[in-house]
Amino acid sequence: MTLIDRDRAVVWHPFTQAATALPPLPVVSASGSWLHLADGTRVFDAISSWWTCLIGHSHPQLVAAIASQAARLDHVIFAGCTHPSAVELAEQLVARAPAGLTRVFYSDDGSTAVEVALKMAVQFHAQSGQPQRTRFLALEAGYHGDTFGAMSVGDPADFAGPFAPLLWPVSRIPVPVVNGDPLRADVDMTAALAALDLLLAKKGDSIAALIVEPLVQGAGGMRMHTPAFLQAVSARVRAHGGLVIADEVMTGFGRTGALFASTHGGLQPDLLCLAKGLTGGTLPLSATLATDAIFAAFLGPDARRALLHGHSFTANPIACAVALASLRVGEDESLLERAAALHAFYASFLPQLQALDGVRAVRWLGGIGVVELHGGGYHDAQKSQQVRDACLRDGVLIRPLGPVIYTMPPLGSRLADVERAWQVIATALECHT
Ligand SMILES: Cc1ncc(COP(=O)(O)O)c(C=O)c1O
């Protein structure tokens, strides 16, 4: 039996309709930006394996950090114990994060980082004399993960259908989406801000927090907005006593050309969610960063005033050690400059695709380059699937979000490889749109 046959007999894959999906790619090893398949061929990982692989696969310094930490301390309970890698990583994250974020709470993945932030926001208000603040504000087409709280604040349209009756009521703000380069765009925000003002006038006193994916809404279709919009929305929510949660699970660690997308807009969030690229994409680990004021609200003689939340593998030492190594390598290998080079490439290449019949819009920011096609919903956009299949035949792995085709390669990729990937995508677009 082949690996694929054995897989099909026992494995249930995420976000996959097993009845119709193509056979999974049998990946036996990876290095740099390349996945090596069982038949000896290789595929360019143009989406960084679900946006996790920050620098490149199996980077020797990251592999060494994992091995050496595993041999020293594999795991230890993180309630009542601590260890050097968790403490040093917290120090390093606080030193790099937007100003004011001084406390690091570890969990396992992007969804749990978001759950923790949501719980912190509600409990903060409850313990600060405002227990009525339990409502969340979110952006239309947002995505924050697949646990129930994260699904609630995400837009239910494409992902949470059967669970909709179980999700909390959330107020959603329209987003003035921009194409091209969002850092240069100037867009009329009047309607979106008027909708927000109306909402705040009615419900401002009940708002716990606004949650946003700063500048790029990932799973919702790599939708981009301007720093000015981010600033304006955050300022309004704060003026009504709400907190601001920046979900940088996707945008963190240089993907948008700044270490954190929040800083493009000068946003200083009250809570910051990090995952994916935190470990360079090697192991699951996430972090929710909070301000002093939030941390202080959980202090007191009553044990129930604490944040009663934790996971078995909270602050796993191996994951923390490789996260530290990833931060070091990211700086040594100038990832932000590499993101700037990708941004410049997209700016020179993507506008010409706009001329193709099937293309609705192009946009780019840092290491993220996007072509949005006309037509098709999230689950039935056939043209983008044809483009995906054609790219795979030519050695490039993409995973369209409905009609949205994009690349977000490991930031350590050779520019020539990214350029080739886009030649392949462009050819496929010409044939299939
Ligand atoms: C912005 C954002 N938040 C949260 C998540 C959930 O992360 P995870 O899949 O690690 O649970 C994702 C995943 O894509 C994301 O893009």
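How many residue pairs are in polar contact across the interface of domain 1 and domain 2? In this predicted model, the rule finds 16 such pairs across that interface, with both residues of each pair at pLDDT 80 or more. By contrast, the count of salt bridges between domain 1 and domain 2 is 0.

The two domains follow from the domain assignment of the protein, in which domain 1 comprises residues 3-55 + 334-432 and domain 2 comprises residues 63-330. Their C-alpha centres are separated by 26 Å. To the contact between them, domain 1 contributes 31 residues and domain 2 contributes 33 residues. The size of an interface is often expressed as the accessible area that is lost when the parts come together. For domain 1 and domain 2, the buried area is about 2700 Å², and carbon and sulfur atoms account for 65% of this area. On the side of domain 1, the residues that lose the most area to domain 2 are Trp51, Arg363 and Leu365, which together make up 26% of what that side buries.

Trp51 also belongs to the residues around the ligand. Others in this group include Asp109, Gly110, Ser111, Tyr143, His144 and Gly145, and the list further contains Glu213, Asp247, Val249, Met250 and Lys276. By class, the shell around the ligand consists of 4 nonpolar, 4 polar and 4 charged residues.

Several members of the shell lie at short listed distances from polar atoms of the ligand. An oxygen atom of the ligand is found 2.6 Å from an N or O atom in the side chain of Ser111, and a polar backbone atom of Gly110 is 2.8 Å from an oxygen atom of the ligand. For Asp247, an N or O atom of the side chain is 2.7 Å from a nitrogen atom of the ligand. Of the 390 Å² of accessible area that the ligand has on its own, the protein covers 83%.

Methods
Residues numbered from 1 in each chain as written. Predicted model: local features only at pLDDT ≥ 70, side-chain atom pairs only at ≥ 80, totals over all residues. Heavy atoms only, no water. Near = heavy atom within 4 Å. Polar contact = N/O pair within 3.5 Å; in protein donor to acceptor, adjacent residues only side chain to side chain. Areas by Shrake-Rupley, 256 points an atom, 1.4 Å probe, with all protein chains shown as cover. Nonpolar A, V, L, I, M, F, W, Y, C, P; charged D, E, K, R; others polar. Domains from an automatic or database assignment. Contact = heavy atoms within 4.5 Å. Buried area = accessible area lost by both parts, 1.4 Å probe. Salt bridge = Lys/Arg side-chain N within 4 Å of Asp/Glu carboxyl O.
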